[in-house]
Amino acid sequence: MVYDDEPFHERVARAADAGADAVEFWDWREKDLDAIAAAADEHGLALATCTAGGTLTDPDRSSAAVETIRESIETAADYGIEALIATTGPEQAAYGREIQHETVVDVLSRVAPAAERAGVTIALEPLNTAIDHPEYFLSSSQEGFEIVDAVDSPAVALLYDTYHQQITEGNVIHTLTDGIKRVGHVHIADVPGRHEPGTGELDYATVLEALSAAGYDGYIGCEFTPTGDSDDAMAAVDSRLPESSS
């Protein structure tokens, strides 16, 4: 979402110049992974995450979801991508929430052993349904943590997106830090608008300080649309990082 005025693999150099440690992206099937991996290697950046794919909520398609995620695990391992973002997909009108919840747990439980062997983390992401993702199944961080606990694998964690959770439930610092041992990745954007920190209502200096104090040592993904110049937006992020993290 940042540096989207550049051809995709050329954004890697811009991210490196901005001081990033890693880059992430969405669907790997639509990307030139060789070019991205080469650019990341050239500039000394890790490949943090990409999306796994698959619909996790439909019992009739659970086996297809398992195969899709297993393919993504293999690809991630081949390219040194550290984590896969798992989105549940939409609510299924034919099934109640309990069945869909159990199906998500089942799919993630079936792919967890492959992820463990590959050293790849599956990061399950709740999204907001009020603005960006109507009819999406998983919006609550609490239900997300319950799914992670039910799977009970070191390779399955929660992706906590502060933008989505501020819209859905608020109380960001508490819900984020209370479940920190089960958080495998973090996304940030301000509310409203999904822009860089400092443009909305979230006090990101305090949020990020609390995240650091809670012991989180993973990546923080800048999943926002800059209001203006991308370098200025990244500088806004850096200015709010704790001294030990910047």
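This passage walks through how some helices of the model pack, which of their faces are hidden, and where the backbone does something unusual.

The structure is a predicted model, so local features need a pLDDT of at least 70 and side-chain atom pairs count only at pLDDT 80 or more, while totals for chains, interfaces and linings use all residues. Residues are numbered from 1 along each chain as its sequence is written, and side-chain values use heavy atoms, with hydrogens and water left out. The helices and strands named below are DSSP runs numbered from the N terminus (H or I with at least four residues for helices, E with at least two for strands).

Helix packing comes first. Helix α3 and helix α4 pack with their axes 9 Å apart, at an angle of about 25 degrees. That makes α3 roughly parallel to α4. On the scale used here, angles under 35 degrees count as roughly parallel, over 145 as roughly antiparallel, 65 to 115 as roughly perpendicular, and the rest as oblique. The axes themselves are lines fitted to C-alpha atoms, for helices over the stretch in contact, and the angles run from 0 to 180 degrees between N-to-C directions. The crossing of α3 past α4 is right-handed, meaning that the near helix is turned clockwise from the far one by less than a right angle (anticlockwise would be left-handed). On the α3 side, the contact (heavy atoms within 4.5 Å) is made by residues including Ala-65, Val-66, Ile-69 and Ile-73. Their partners on α4 include Val-107, Val-111, Ala-114 and Ala-118. Sorted by class, this contact has 10 nonpolar, 3 polar and 3 charged residues. Here Ala, Val, Leu, Ile, Met, Phe, Trp, Tyr, Cys and Pro count as nonpolar, Asp, Glu, Lys and Arg as charged, and the others, Gly among them, as polar.

Helix α4 (residues 97-118) also meets helix α5 (residues 141-151): their axes come within 9 Å and cross at roughly 45 degrees. These two helices are therefore oblique to each other. Again the crossing is right-handed, with α4 passing α5. From α4, the residues making the contact include His-101, Val-104, Val-105 and Leu-108, and from α5 they include Glu-143, Ile-147 and Ala-150. The class count for this pair is 7 nonpolar, 2 polar and 3 charged residues.

Next come the sides of single helices. Helix α2 (residues 33-43) has Leu-33, Ala-35, Ile-36, Ala-39 and Ala-40 as its buried residues. Buried means under 20% relative accessible area, exposed means over 50%, and partly exposed is in between (1.4 Å probe, protein chains only). The buried residues of α2 cover an arc of only 165 degrees around the axis, which puts them on the same side of the helix. Such an arc is that of the directions from the helix axis to the C-beta atoms. Among the elements covering this buried side are α1 (11-17), β1 (22-27), β2 (46-51) and α3 (62-79). The face turned away from it carries the exposed residues Asp-34, Asp-41 and Glu-42. Right after α2 comes Gly-44, with a positive phi near 70 degrees.

Helix α9 (residues 230-240) can be read in a similar manner. Its buried residues are Ser-230, Ala-233, Met-234, Ala-236 and Val-237. Looking down the axis of α9, these fall within an arc of 150 degrees, so they line one face of the helix. Their cover includes α1, β6 and β7 (220-222), while Asp-232 and Ser-239 are exposed on the other side of α9. Ala-236 has a relative accessible area of 16%. Leaving aside neighbours within four places in sequence, Ala-236 is in contact with Glu-196 and Pro-197.

Finally, a few backbone oddities. The loop between β6 (183-188) and α8 (204-213) holds Pro-192, and the peptide bond from Val-191 to Pro-192 is cis, with omega near 0 degrees. Arg-194 is found in the loop between β6 and α8; it has a positive phi of about 60 degrees although it isn't a glycine. Arg-194 is buried, with a relative accessible area of 13%. Asp-152, in the loop between α5 and β5 (156-161), has a positive phi too, near 55 degrees. Asp-152 is exposed, with a relative accessible area of 65%.
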